[in-house]
There are 2 protein chains.
Amino acid sequence: MEQIDVHRCFGGQQLRFRHPSAVLNCDMTFSIYLPPQAEQGVVPVLYWLSGLTCTDENFVTKAGAQRYAAEHGIAIVAPDTSPRGEGVPDDPEGNYDFGLGAGFYVNATQAPWSNHYRMYDYVVEELPALINEHFPVDGDKMAISGHSMGGHGALTIALKNPGRYRSVSAFAPICSPMHCPWGEKALANYLGSNRETWSDYDSSELMRSAQRQLPMLIDQGDADNFLQEQLKPELLQQAAKEAGYPLQLRMQPGYDHSYFFIASLIGDHLRFHAQYL
Amino acid sequence: MEQIDVHRCFGGQQLRFRHPSAVLNCDMTFSIYLPPQAEQGVVPVLYWLSGLTCTDENFVTKAGAQRYAAEHGIAIVAPDTSPRGEGVPDDPEGNYDFGLGAGFYVNATQAPWSNHYRMYDYVVEELPALINEHFPVDGDKMAISGHSMGGHGALTIALKNPGRYRSVSAFAPICSPMHCPWGEKALANYLGSNRETWSDYDSSELMRSAQRQLPMLIDQGDADNFLQEQLKPELLQQAAKEAGYPLQLRMQPGYDHSYFFIASLIGDHLRFHAQYL
């Protein structure tokens with residue numbers, strides 16, 4: 001593991017590392033914010049999953065989360081959104097919604113994707129093991145959050161692993177990838193045409209069979225261009241109602257899909273997670 | 001004037017506009033944040049001047065200032081750092097420290113620069129007139145701040161126009177462009193080889209002849225790579241001592257020249273300006 005960047009930030013450290021990933025079969029880059037409290041002992045850790053086209057850097061430079069992380073004494077880990085590098089296949093047409101920058105936090109089963117695109121295992125297993133080994137964080141106090149495709153990632157990962165995370169939140173998540181163009185394209189390519197396999201990565205489906213419930217907060221702007229066609233929070237809300245799942249979904253008037261929306265509300269999310277960490 | 005972007009942000013609006021500039025002889029882009037209070041009436045306004053290579057967008061997306069602007073009810077205007085577009089000459093060698101993205105907030109007197117590079121008049125005269133005409137701001141309650149080259153801009157403009165601004169602050173400013181490589185290159189090109197003309201754009205020189213004093217706050221990271229060769233706060237501090245100018249210069253341990261430094265302390269600067277606005 002190689003440190004490639006460091007900045008003092010809100011009294012803590014914003015760090016960036018490169019490491020070989022055995023799961024993804026390529027080198028990966030991630031960012032981690034260590035709050036001032038990490039100089040005195042171990043701190044809880046929030047994993048942040050970004051959306052389409054992002055790397056680990058978008059959230060780090062644009063969300064302003066470090067201020068709140070420093071207040072609450074929480075580390076934040078931001079992985080990249082897909083495998084990268086020579087030999088990693090991309091969307092043949094170079095579109096932004098599949099391939100590089102669009103790993104969708106699944107384990108691909110189909111060639112040529114399955115050789116690298118295993119972001120689910122990377123985020124759930126390999127990265128936390130690396131973080132717990134090298135940084136002063138408490139691996140028993142983990143939370144997860146994300147935006148758009150990353151909100152889908154955070155929700156599905158938390159729903160599939162409720163024992164690993166204390167709480168989950170999302171900004172404008174893709175709530176049912178089985179029922180939107182972004183998700184249908186990605187899941188068909190990564191998992192194949194059998195839609196039954198897709199439900200294992202669909203929050204709205206997973207919620208119906210959840211054995212254990214986690215605190216869950218979702219913020220969604222009502223001026224978000226992707227709301228009706230791609231995000232569909234009403235499907236998750238319906239599933240929560242049927243399953244009796246304690247989902248807190250807040251529609252935020254006037255907000256769009258950008259990082260200005262995330263920056264405006266990330267403080268609420270850090271406060272939400274801090275209650276459980 | 002044409003609106004080219006809008007986002008809801010911390011309950012207010014982050015806006016972006018394009019307009020023809022008569023002073024700069026080209027089209028210019030600027031950003032303005034209007035806090036929620038601007039929906040009820042006029043608000044004070046802070047001008048932010050960015051550093052080398054920046055446009056109006058760096059501060060807007062990376063500093064996280066909107067949160068504090070919303071708390072205090074202050075608008076923030078962020079202009080570009082130089083004229084732009086077809087026909088605007090650039091550094092012949094394409095270096096980052098002169099020409100496009102490097103207007104240094106002066107009125108150039110030398111060909112070929114003098115036809116466009118008049119950022120001093122743009123920031124002091126043309127832009128505030130436009131802002132005061134089109135937005136709910138109080139043109140009698142203005143403050144100014146900036147980073148690096150923009151810190152130099154903020155300090156020189158405030159020192160030359162103490163009646164226009166209530167307060168001035170800067171992050172890691174170039175404190176004496178007459179005595180550093182960035183400044184010597186820019187001033188020699190924009191103003192010619194007669195160094196006597198340079199002192200009119202040198203904070204440390206201007207401070208010695210200041211007739212009227214403004215509240216002035218400067219933060220400087222002690223891990224800033226440019227500190228010794230380019231920024232030289234000790235020259236401004238010496239001038240302040242000689243002139244009895246109430247400069248508050250804070251050395252911040254561990255901080256570098258990046259926006260992580262600005263984000264960490266911009267809240268303090270908004271609070272500082274709010275006292276006087």
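Okay, let's start with a salt bridge in chain A: the side chains of A:Arg16 and A:Glu57 meet at 3.6 Å, N to O. Keep in mind that this is a predicted model, so treat that number as a computed one. What does the pair join up? A:Arg16 sits in strand 2, residues 12-21, and A:Glu57 sits in helix 1, residues 57-62, so the bridge ties together parts of chain A that are 41 residues apart in sequence. And how many salt bridges does the structure hold over all chains? The count is 32.

Now, the interface. How many salt bridges run between chain B and chain A? Zero. What you do get between chain B and chain A is twelve residue pairs in polar contact, with both residues at pLDDT 80 or more.

On to who does the touching. Chain B puts 22 residues into the contact, and chain A puts in 22 residues as well. The area buried between the two chains comes to about 1,800 Å², and carbon and sulfur atoms give 58% of that. Which residues of chain B lose the most area to chain A? Those are B:Arg8, B:Phe10 and B:Phe260, and together they make up 35% of what the chain B side buries.

If you'd rather think in secondary structure, four elements of chain B each supply at least two residues of the side that touches chain A: strand 1 (2-9), helix 1 (57-62), helix 2 (66-72) and helix 9 (259-274). By residue class, that side of chain B splits into ten nonpolar, eight polar and four charged.

Let's go back to chain A for the annotated site. This part comes from a record: UniProt, in an unreviewed entry, puts the feature "active site" at A:Ser148, A:Asp224 and A:His257. In sequence these residues are spread over 110 residues, yet they cluster in space, with a largest C-alpha distance of 10.8 Å. Which of the set turn up in the lining of the second largest pocket? A:Ser148 and A:His257 do. As for A:Asp224, you'll find it in the loop between strand 8 (216-221) and helix 7 (227-231) of chain A.

Last bit: some backbone geometry to look at on screen. The peptide bond from A:Ala111 to A:Pro112 is cis, with omega near 0 degrees. A:Pro112 is in the chain A loop that runs between strand 5 (75-79) and helix 3 (119-134). Over in chain B, the bond from B:Ala111 to B:Pro112 is also cis, again with omega near 0 degrees. B:Pro112 is placed in the loop between strand 5 (75-79) and helix 3 (119-134) of chain B.

And one more for the torsion fans: A:Phe104 isn't a glycine, but it has a positive phi of about 60 degrees. Where is A:Phe104? In the loop between strand 5 and helix 3 of chain A.

Conventions: Residues numbered from 1 in each chain as written. Chains lettered and ligands numbered in written order. Predicted model: local features only at pLDDT ≥ 70, side-chain atom pairs only at ≥ 80, totals over all residues. Heavy atoms only, no water. Contact = heavy atoms within 4.5 Å. Buried area = accessible area lost by both parts, 1.4 Å probe. Salt bridge = Lys/Arg side-chain N within 4 Å of Asp/Glu carboxyl O. Polar contact = N/O pair within 3.5 Å; in protein donor to acceptor, adjacent residues only side chain to side chain. Nonpolar A, V, L, I, M, F, W, Y, C, P; charged D, E, K, R; others polar. UniProt positions renumbered as here; feature names shortened; annotations may be inferred. 1 Å grid on protein atoms, 1.4 Å probe; cavity = no way out; pocket = protein on both sides within 12 Å on 5 of 7 lines; lining within 4 Å.
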